[in-house]
Amino acid sequence: MGALRRLGTAATLSAMLFAAGGLDAASPGIVKKRIAAMEAAVKSIDAALKSGSAVDRAGLARQAQIIADQGDRIVELFPAGSGVKGSGASPRIWKEADAFAARADALVDAAIDFNSTAEDGDRKALTETFAEIGRACAACHQDFRLKKAK
């Protein structure tokens with residue numbers, strides 16, 4: 001799905017959820033949902049690749065699919081007004097919505113590549129494509145996350 005189409009779809013979904021009371025942009029709950037969206041899958045893949053045990057192709061593919069699905073939902077997880085204090089969300093997310101959606105697309109692409117690599121089960125290739133997921137996350141955080149005060 002293209003970035004512009006996804007942005008329009010996300011805006012529509014967000015508006016419907018707000019209207020229905022299902023998503024509160026000012027709530028810390030939306031922040032927790034954003035943070036939790038990726039953590040479990042990324043930690044699971046990282047642990048599996050570092051374990052040295054046999055590669056669980058199906059398990060890695062499932063985790064990669066979770067990351068891709070969450071990547072498809074990133075824009076909707078940042079509805080207007082959800083940059084609450086302590087969230088770390090930069091106002092650039094909403095000012096540069098197309099660029100933000102492009103970063104989400106890059107994450108989805110990296111997760112799809114990892115998923116394809118998981119089918120082969122080559123640990124070295126998996127580690128390399130998992131690093132691509134990490135780079136996609138880091139690039140988005142660099143551009144769209146507020147820097148933490150030291």
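A residue counts as exposed when its relative accessible area is over 50%, and as buried when that figure is under 20%. By that yardstick Lys 124, at 61% relative accessibility, is an exposed residue. The model it belongs to is a predicted one, and the helix around this lysine makes a handy place to start.

Helix α6 takes in residues 123-144, which makes 22 residues. From first C-alpha to last it reaches 31 Å, close to the 32 Å expected at 1.5 Å a residue. At its N-terminal end sits a cap: Asp 122 puts a side-chain oxygen 3.0 Å from the backbone nitrogen of Lys 124.

The buried residues of α6 are Leu 126, Thr 129, Phe 130, Ile 133, Ala 136, Cys 140 and Phe 144. Looking down the helix axis, these buried residues fall within an arc of 105°, so they line one face of α6. Over on the other side of the helix, Lys 124 turns up again, exposed along with Gln 142.

Next come the charged pairs. Side chains of opposite charge can pair when their charged atoms come close. With the cut-off set at 4 Å between a side-chain nitrogen of Lys or Arg and a carboxyl oxygen of Asp or Glu, the count comes to six salt bridges.

One of them again involves Lys 124, which bridges to Glu 128 with the closest N and O atoms 3.8 Å apart. Both partners lie in α6, four residues apart, or about one turn of the helix. While Lys 124 is exposed at 61%, Glu 128 is partly exposed, with a relative accessible area of 46%.

Further along α6, Arg 135 forms a salt bridge with Glu 132, and here the closest N and O atoms are 2.5 Å apart. These two residues also sit within the helix, three residues apart, about one turn. Arg 135 is partly exposed, with a relative accessible area of 47%, and Glu 132 is partly exposed too, at 40%.

Another salt bridge joins Glu 76 to Arg 73, with 3.3 Å between the closest N and O atoms. The glutamate in this pair is buried: Glu 76 has a relative accessible area of 18%, which falls under the 20% cut-off. Its partner Arg 73, at 25% relative accessibility, counts as partly exposed.

Note on methods
Residues numbered from 1 in each chain as written. Predicted model: local features only at pLDDT ≥ 70, side-chain atom pairs only at ≥ 80, totals over all residues. Heavy atoms only, no water. Expected span 1.5 Å × (residues − 1). Buried < 20%, exposed > 50% of the residue type's maximum accessible area, 1.4 Å probe, protein only. Arc of directions from axis to C-beta. Polar contact = N/O pair within 3.5 Å; in protein donor to acceptor, adjacent residues only side chain to side chain.
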